[in-house]
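Subject: The structure, and what turned up in it

Hi,

Here is the structure I promised to pass on. Have a look at it first, and my notes follow underneath.

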Amino acid sequence: MPRVPEYDVERLTAPNPGPMTLEGTNTYVVGRDPAVVIDPGPSDAGHLDAVRAAATSRGGIGTVLLTHSHGDHSEGVAALGVEPARPADGEQVAGLVAIATPGHASDHLCFVLGHACFTGDLILGEGSTIVGPRAMDGSLGDYMRSLERLRELDLEVLYPGHGPEIRDPQAKIDEYVEHRLMRERRLLAALDRGERSRAALLAEVWDDVPAELRDAAAVAMQAHLEKLQDEGRLPGDLSD
Ligand SMILES: [Zn+2]
């Protein structure tokens, strides 16, 4: 028999549509007397009113947690009037265990509650997340290790920072790992063949990406190149 999750979780989605945020950032109000707020979201008055109202009906806000410091998750924190807790890896706060999951951002945390996990931007409900190079505070090597770390946990539901909840965590984690490995395999194949032009590598390996997302793809490629470099697998003679 599959376990039936009984998590007292309310999702409020901020209205900040953009190409990278799906329908907007998710704020989660968890438990009661008092409630935990995970990722207040952007500083949108209507959204924050809804978060406060949800928390008030649950006995008020006891704890605020941030998965990471990107503005679409954290800007609204000041308006809630509760200092966010910044737990260390493995530390428990208000019944949730923080797991350090760097990669999308160096300060990224996931929060585990029983067999549920609030994943921030480590894993999204739709599409795939952006992992940038070091210049953007990202690390694809760290990101892959963070996915592996999540895979080792016994989880039955993921509550992502964007998009709907995920009821098949292991399959989604596998999909995320495979997606990055597919890019890496194609990148390595082109490099092995002798391709050294960044523009040509981008056009070949990210050939499925629409033109308006080509800049994002270039950022993703840079993160891949840094990972390969860290692993001693990147030729030193790339050109623009
Ligand atoms: Zn983010």
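Below is what was found, starting with the sheet, then a helix and a histidine.

Please keep in mind that this is a predicted model.

The sheet

Five strands make up an open sheet, in the order 1-2-3-4-5, and their pairing is mixed. Strand 1 and strand 5 are its edges, as each of them pairs on one side only.

Within this sheet, strand 3 (residues 35-38) and strand 4 (residues 61-65) run parallel and are joined by four bridges. If you want to find the pairing by eye, look for A35 opposite I61 and V36 opposite T63. Strand 4 also pairs with strand 5 (residues 84-85), again in the parallel sense, over two bridges. There, V64 faces P84.

Helix 1

What links strand 3 to strand 4 in the right-handed β-α-β unit? It is helix 1, residues 45-56. Its 12 residues should span 16 Å at 1.5 Å a residue, and the C-alpha atoms at its ends are 16 Å apart, so the expected and modelled lengths agree.

The buried residues of this helix are H47, L48, V51, A54 and A55. Looking down the helix axis, you would see them fall within an arc of 120°, which means that they line one face of the helix. They pack against strand 1 (9-13), strand 2 (26-30), strand 3, strand 4 and helix 3 (77-80). On the other side of helix 1, A45 and T56 are exposed.

The N-terminal end of the helix has a cap, D44: one of its side-chain oxygens lies 3.3 Å from the backbone nitrogen of G46.

H108

Now for a residue outside the sheet described above. H108 sits in the loop between strand 7 (96-100) and strand 8 (109-113). Is H108 buried or exposed? Its relative accessible area is 1%, so it counts as buried, the cut-off being under 20%.

Its surroundings can be listed too. Apart from neighbours within four places in sequence, H108 is in contact with T67, H68, I99, A100, T101, P102, T119, G120, D121 and L122. With L122 there is a polar contact: the side chain of H108 reaches the backbone nitrogen of L122 at 3.4 Å.

If you open the model, helix 1 and its buried face would be a good place to begin, followed by H108 in its loop.

Best wishes

How values were computed: Residues are numbered from 1 along each chain as its sequence is written. This is a predicted model: local features need pLDDT of at least 70, side-chain atom pairs count only at pLDDT 80 or more; totals for chains, interfaces and linings use all residues. Side-chain values use heavy atoms; hydrogens and water are left out. Two strands pair if DSSP finds at least two bridges between them. A crossover is right-handed if, with the strands pointing away from the viewer, the path from the first strand over the helix to the second runs clockwise. The expected span of a helix is 1.5 Å times one less than its number of residues. Buried means under 20% relative accessible area, exposed over 50%, partly exposed in between (1.4 Å probe, protein chains only). The arc is that of the directions from the helix axis to the C-beta atoms. Contact means heavy atoms within 4.5 Å. A polar contact is a pair of N or O atoms within 3.5 Å; within protein, one must be able to donate a hydrogen and the other to accept it, and residues adjacent in sequence count only if both atoms are side-chain atoms.
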